[in-house]
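Q: Could you take me through one part of this structure slowly, as you would for someone in their first year? I would like to see how a single spot connects to its surroundings.

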Amino acid sequence: TSSEYMDGTLADAWLYGDFHIPSVAEDYFQGVSTIQTELFFVNPNPVSVTLQLRLRDAAGTVVGSLDQAIAPGAMLSGTIRDLFFRDSTVVDIASGYLTGSSTTLFGVAGFAMTRYFDPTGAVKTIRSLPLVFPEGVSMLYCPHIASGGEAPGFAVPYDTVFHLVNTNVEAAHVTLTLYNDAGEVVQTASADIASRAQFTAHVWELFGLGDP
C-alpha cells in the first residue's frame with residue numbers, strides 16, 4: 001500500500017516586512033529527523049531584499065540568527081537545521097517560533113511546513129503555517145477544532161494544537177472558550193503567557209476531552 005500527503009496554507013495579497021511564524025520545531029540526530037520544519041520565503045519584488053530571521057525558543061530567547069539576501073524573483077528555503085545549524089549533528093527544538101524582518105521597504109511572501117516522521121522515516125503528518133503580522137490582537141477565532149477518533153474509522157486521530165505567541169513587552173492573560181456546533185459554551189480555559197513567550201497546548205488537555 002502507499003499513501004500520498006498534501007498540505008497547504010493560507011495565501012493572500014500581503015507582502016510582509018515584519019512577521020512571525022508562531023510555531024516551529026526540529027528534532028535531528030546524526031542524520032535522522034523525527035520532526036523537521038522547512039521555511040519558504042519568496043521575493044517577488046524587482047529589487048533584492050535582505051531578511052533578518054531570528055529563531056526563538058518557547059521562552060522567547062533567541063537561539064539562532066540568519067541575515068540573508070534574496071535576489072529579485074528568487075526564493076530562500078531550507079529546514080531549521082539547514083538555515084541555522086548547518087554544521088550541527090544534533091538539533092533539538094521541541095517548541096519555538098520565528099520572527100523575521102525585511103531591511104528594505106519591500107516585503108516577502110512565505111510559509112513554514114513542519115513534517116513529522118514515523119520510526120521508518122516515512123512522513124506521518126504535515127502541517128503548514130503562513131506568515132502573520134507581529135502586531136498583537138485582543139480577540140482570536142479558530143473556526144473549527146477536532147479531537148479524538150478511534151480505529152478503524154480514524155487511522156490517525158485528530159489532535160488540534162494551539163500555538164499562541166505574546167508579542168507584547170508585558171505578560172498576557174488569555175481566556176479560551178470552546179463552543180459546540182450550536183454555539184453553546186462547552187468549556188473554558190485560561191493561561192498566562194510571559195512577554196515574548198510562546199504558549200502551546202493540545203485542545204484535549206485544555207478542555208478535558210478524550211485523549212486521542
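A: Happy to! We begin with a definition: a salt bridge is a side-chain nitrogen of Lys or Arg within 4 Å of a carboxyl oxygen of Asp or Glu. Please keep in mind that this is a predicted model. The idea behind the term is that side chains of opposite charge can pair when their charged atoms come close.

Now look for Arg115, which sits in strand β7, residues 109-117. Arg115 forms a salt bridge with Glu38, and the closest N and O atoms of the two are 2.8 Å apart. That fits the definition because 2.8 Å is within the 4 Å cut-off. The side chains of Arg115 and Glu38 also make a polar contact, at 2.8 Å.

Where do the two partners lie? Arg115 belongs to strand β7 and Glu38 to strand β2, so their pairing ties together parts of the chain that are 77 residues apart in sequence. Is this pair buried or exposed? Both Arg115 and Glu38 are buried. For Arg115 the relative accessible area is 17%, and it counts as buried because the cut-off is under 20%.

Let us look around Arg115 a little more. Setting aside its neighbours within four places in sequence, Arg115 is in contact with Thr34, Ile35, Gln36, Glu38, Thr125 and Ile126. Take Ile35 as one of these: its C-alpha atom is separated from that of Arg115 by 5.7 Å, although the two residues are 80 apart along the chain.

The strands give the wider setting. β2 and β7 pair in the antiparallel sense over eight bridges. One of the bridge partners to find here is Ala109 in β7, which goes with Val42.

β2 has other partners too. With strand β5, residues 75-79, β2 pairs in the antiparallel sense over five bridges, and Phe41 stands opposite Leu76 in β5. β1 and β2 also run antiparallel, joined by three bridges. Tyr28 has Ser33 in β2 as its bridge partner. In the hairpin of β1 and β2 there are two residues between the strands, and Gln30 takes a positive phi near 50°. As for how covered β2 is, eight of its eleven residues are buried.

From here we can move to the nonpolar residues. In soluble globular proteins, nonpolar side chains tend to be buried together. In this model the largest nonpolar core has 24 residues, and those with the most contacts inside it are Leu39, Phe41, Leu53 and Phe84. The elements that each supply at least two residues of this core are β1 (18-29), β2 (32-42), β3 (49-57), β4 (62-70), α1 (80-84) and β6 (90-102). Phe84 is a good residue to click on: leaving out residues up to four places away in sequence, it touches Leu39, Leu53, Leu55, Gly64, Ser65, Leu66 and Leu98.

Phe41 deserves a second look, since its ring pairs with that of Phe19. A pair of aromatic rings is described by the distance of the centres and the angle of the planes. For Phe19 and Phe41 the values are 5.6 Å centre to centre and 35° between the planes, which makes a tilted pair. Phe19 lies in strand β1 and Phe41 in strand β2, so this pair ties together parts that are 22 residues apart in sequence. Both Phe19 and Phe41 are buried.

Finally, let us return to salt bridges. How many does the structure hold? There are two. Besides the Arg115 and Glu38 pair, Arg54 forms a salt bridge with Asp67, with the closest N and O atoms 3.0 Å apart. This pair links distant parts of the chain, with Arg54 in strand β3 and Asp67 in strand β4, 13 residues apart. How covered are these two residues? Arg54 is partly exposed, with a relative accessible area of 23%, and Asp67 is partly exposed as well, at 46%. By contrast, Arg115 and Glu38 are both buried.

To put the picture together, start at Arg115 in β7, step across its salt bridge to Glu38 in strand β2, and then follow β2 to Phe41, which stands opposite Leu76 in β5 and is among the residues with the most contacts inside the largest nonpolar core.

Key. Residues are numbered from 1 along each chain as its sequence is written. This is a predicted model: local features need pLDDT of at least 70, side-chain atom pairs count only at pLDDT 80 or more; totals for chains, interfaces and linings use all residues. Side-chain values use heavy atoms; hydrogens and water are left out. Helices (H or I, at least four residues) and strands (E, at least two) are DSSP runs, numbered from the N terminus. Buried means under 20% relative accessible area, exposed over 50%, partly exposed in between (1.4 Å probe, protein chains only). Contact means heavy atoms within 4.5 Å. A polar contact is a pair of N or O atoms within 3.5 Å; within protein, one must be able to donate a hydrogen and the other to accept it, and residues adjacent in sequence count only if both atoms are side-chain atoms. A nonpolar core is a set of buried Ala, Val, Leu, Ile, Met, Phe, Trp, Tyr and Cys residues joined through side-chain atoms within 4.5 Å. Rings of Phe, Tyr and Trp (its six-membered ring) pair if their centres lie within 6.5 Å; planes under 30 degrees apart count as stacked, over 60 as edge-to-face and the rest as tilted. Two strands pair if DSSP finds at least two bridges between them.
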